Amino acid sequence: MRRTTLVALAATTLLLAGCGSQNGEDGAGKDTGGNGKVSPAPATRSPEPTAGRCEDHVELKAGDDGRTVCVTTGGEVRLTLDGTRSRPWKPVTASGDGLKGINAGFVIQPGDATAAYQAVAAGTVRLSSSRPLCAEPTAPGQVSCKGIQEWTVTVRVR
């Protein structure tokens, strides 16, 4: 392997390692004041719905990323994504047919994203949001990254 390739590989590894170590959040997604500890995203995912089984009410969280859920017509989908001031979630977007936005209530914590929908017709909707993967540096010499954490859930309305 060439020396320049090894140097580039080492630099990339250090950059990625430094990105996660500057986020300043605890395991609950709350700001801890930039203590430099790393808290990985939850690795657990809720099980996929069984074939043909739909719910009247679905509650979604950040850990539901990648799921497909089914809700009956007339039912509700509500979600809360816990963020922080330094790593805020963008407003949730819905693309597709079958859900109509309703009042989600108040967002209590800065950085959180909430949304609520009523299932009005059969169809498929993709809900999505994103937030920065790393907090912005707060002191000289800290590493910055431009990574984005994506969140998506597919909702089938029957």
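How many salt bridges does the structure hold? In this predicted model, there are 3 salt bridges. Side chains of opposite charge can pair when their charged atoms come close. The paragraphs below take each pair in turn and then move to a serine in a strand.

Glu-55 and Arg-53 are joined through their side chains in a salt bridge, with an N to O distance of 2.6 Å. Glu-55 has a relative accessibility of 30% and is therefore classed as partly exposed. Its partner Arg-53 is likewise partly exposed, at a relative accessible area of 46%.

A salt bridge also links Glu-76 to Arg-78, where the closest N and O atoms lie 3.1 Å apart. Glu-76 has a relative accessible area of 25%, so this residue counts as partly exposed. Arg-78, with 23%, is partly exposed because its value lies above the 20% under which a residue is termed buried.

The pair Arg-67 and Asp-64 has its closest N and O atoms 3.3 Å apart and forms a salt bridge as well. Both Arg-67 and Asp-64 are buried.

Attention now turns to Ser-128, which belongs to strand β6, spanning residues 123–132. Is Ser-128 buried or exposed? Ser-128 is buried, because its relative accessibility is 14% and the class covers values under 20%. Once neighbours within four places in sequence are set aside, Ser-128 is in contact with Pro-91, Val-92 and Thr-93, and also with Trp-151 and Thr-152.

How values were computed:
Residues numbered from 1 in each chain as written. Predicted model: local features only at pLDDT ≥ 70, side-chain atom pairs only at ≥ 80, totals over all residues. Heavy atoms only, no water. Salt bridge = Lys/Arg side-chain N within 4 Å of Asp/Glu carboxyl O. Buried < 20%, exposed > 50% of the residue type's maximum accessible area, 1.4 Å probe, protein only. Helix = DSSP H or I, 4+ residues; strand = E, 2+ residues; numbered from the N terminus. Contact = heavy atoms within 4.5 Å.
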